[in-house]
Amino acid sequence: MSGRTEGGVKDHDAGVVLASATTLALLPTSAFAHASDRGHVLLLPTGYYIAGGALAVAVSFLVLALLPPAVLDNFWRRRLPLFTFGDAPRILISLISFAGFALLVAAGLFGSRDPLSNPLPLVVWTLLWAGFTLLQGVLGDLWSWLNPWYGPWRVASRVFALDTAKPPRLPSWLGYWPAFALFFAFAWFELIDPAPDDPARLAFAAGLYWLVSFTAMLAFGYDGWSRRGEFLTVFFSMVARFAPFERVDGRLGLCWPGAKLLAGEPLPQSGTAFLLLALSSVSFDGLSKTFFWLGLFGINPLEYPGRTALIGIGSFGLVLTFVLLAAVFALAVILGQRLAGDKHSFGEAAGLLVWSIVPIALAYHIAHYLTVLLVDGQYALVALSDPFALGWDLFGTANRMVEAGVVAGAQSAWWLWNIQAGVIIAGHVLAVLVAHGLAWRLHKQPSRAALSQLPLTLLMIAYTIFGLWLLATPTAG
């Protein structure tokens, strides 16, 4: 069907318009819902997938436990230098990004009221949150160049003669808690708010967030706030550590995926909480519409009451999911320390081992938002050509046909489920690999390192089963 869902050509005769409107009314759309729901019922042998995924994670642990540490250490250290480039274009690219952001906010305020015709919700939820996270995990830290704050901050620093050489002025005792609080608010808005896709509502929230963050950067310094306060930069920089591209002293090089995670310093308690929230929030997003979750509260999933009626339940679930994941992760680390006779503090062990969560969080993000990216990404191409619903065709994509069939039908369902399941299993296997490398930094004896990872591996096996079950279980809404 055509990607234009509002504001089409006005010279059609009334009969054609009426017929088109009737047809569109009968088609499923995602009004005020940030993610496209499943359009098919999965009738696949999911038990075999779940058993196979759990077995793959378990076998990877056993293989790693038997390998000499030197073998994996040499594996992780391999690098392939590519080329050198400077930071000169960074200010210009950021200013262009800011201009695009301002245009999107204007489109949200003055453009179409339809979330599938207005580019702001599609860019924020689909291209940025769903798609750009994938790019960060594959290509590295693109966000440090594309974020809409760096360029304006540099301009403001020159205009107001600010001393950019001063050290960050954000109190060290705050840690990552500002970013954690803002990330939680973002997750609540995305998952619980009744209308996160409403263009005007989203424009106000996005504009206010940019202004608050920019003010904080002027007050505490760009580096201080962006590294510990601005949650998108914190999240994207953590995800970028998984990427096979790294830049050292201006030189771009290739490394193994996840190699940069092994070089990470132990995170403080606030940083550990931030990474666990990144995983728990996307997990709850998948859980919140399952028949199982709704049934716990006596809600008939076949009569989905809508997001407004579930604000209390959703808020409780978002907090509960984080608390349970944090408790189980802490328990796994404590048991691992007891088994290995670890003399390191719990905070140091947890702050180091939590880096192994990054591959899992990235895998869940990709698997959960894959269908959104494939369908709503097409709507975004259409909407960007006509941001104010005035009949424009800036990029020649305004009349592009949206192919919803890429996520519908038995064949598509089979391919999608296998890709999603494969991504989740691969993410957990890589997490086990990274966790072993991190454990060897805590324990010089291979046997102690392997023992310390046994509880964490059991947690990863359980989370693999949980993730594959989420993909296969019926959902409502």
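Colleague: Let's start with Gly-111: is Gly-111 buried or exposed?
Modeller: Keep in mind that this is a predicted model. Gly-111 sits in the loop between α4 and α5. Its relative accessible area is 14%, and the cut-off for burial is under 20%, so Gly-111 counts as buried.

Colleague: Which residues is Gly-111 in contact with, leaving aside neighbours within four places in sequence?
Modeller: One partner is remote along the chain: Gly-111 and Phe-388 are 277 residues apart in sequence. In space, their C-alpha atoms are 4.1 Å apart. With close sequence neighbours left out, the contacts of Gly-111 are Ala-106, Asn-118, Pro-387 and Phe-388.

Colleague: And how are helices α4 and α5 oriented to each other?
Modeller: Helix α4 covers residues 90-110 and helix α5 covers residues 119-139, and their axes come within 8 Å. The crossing angle is roughly 130°. Angles of 65 to 115 degrees would count as roughly perpendicular and those over 145 as roughly antiparallel, so α4 and α5 are oblique to each other.

Colleague: How do the residues of that contact divide into nonpolar, polar and charged?
Modeller: From α4 come Leu-104, Val-105, Ala-107 and Gly-108. From α5 come Pro-119, Leu-120 and Val-123. Gly counts as polar, and the division is six nonpolar, one polar and no charged.

Colleague: Staying with α4, what is the relative accessible area of Ser-94?
Modeller: Ser-94 is found in helix α4. Leaving aside neighbours within four places in sequence, its contacts include Trp-145, Trp-149 and Tyr-150, along with Asn-147, Pro-148, Gly-151 and Pro-152. Ser-94 is buried, and its relative accessible area is 0%.

Colleague: Where does helix α17 bend?
Modeller: Helix α17 runs over residues 357-385. Of its 29 residues, 23 are buried, so the helix is mostly covered. The bend is about 50°, and the residue at which it occurs is Tyr-369.

Colleague: In the loop after that, is Ala-389 buried or partly exposed?
Modeller: Ala-389 is in the loop between α17 and α18. Its phi is positive, about 55°, although Ala-389 is not a glycine. At 26% relative accessibility, Ala-389 counts as partly exposed.

Colleague: Which residues does His-443 touch, not counting those up to four places away in sequence?
Modeller: His-443 has its place in the loop between α18 (410-442) and α19 (446-472). With 6% relative accessibility, His-443 counts as buried. Its contacts are Ala-340, Asp-342, Arg-448, Ala-449 and Ser-452.

Colleague: Now the interior: which element gives the most to the largest nonpolar core?
Modeller: That core has 102 residues, of which Phe-183, Phe-274 and Phe-329 touch the most other members. The element that gives the most to this core, with 13 residues, is α18.

Colleague: How many residues are in the other core?
Modeller: This core lies apart from the largest nonpolar core. Among its members are Ile-192, Phe-284, Leu-310 and Ala-476. The number of residues in it is twelve.

Colleague: Finally, for the whole protein chain, what share of contacts between residues at least 6 apart in sequence join residues at least 24 apart?
Modeller: The protein chain holds 19 helices and three strands. Buried residues make up 50% of its 477 residues. Among contacts between residues at least 6 apart in sequence, the share joining residues at least 24 apart is 81%.

Conventions: Residues numbered from 1 in each chain as written. Predicted model: local features only at pLDDT ≥ 70, side-chain atom pairs only at ≥ 80, totals over all residues. Heavy atoms only, no water. Axes fitted to C-alpha atoms, helices over the stretch in contact; angles between N-to-C directions. Helix = DSSP H or I, 4+ residues; strand = E, 2+ residues; numbered from the N terminus. Parallel < 35°, antiparallel > 145°, perpendicular 65-115°, else oblique. Contact = heavy atoms within 4.5 Å. Bend = angle between axes of the 7 residues up to and from the residue. Buried < 20%, exposed > 50% of the residue type's maximum accessible area, 1.4 Å probe, protein only. Core = buried A, V, L, I, M, F, W, Y, C linked by side-chain atoms within 4.5 Å.
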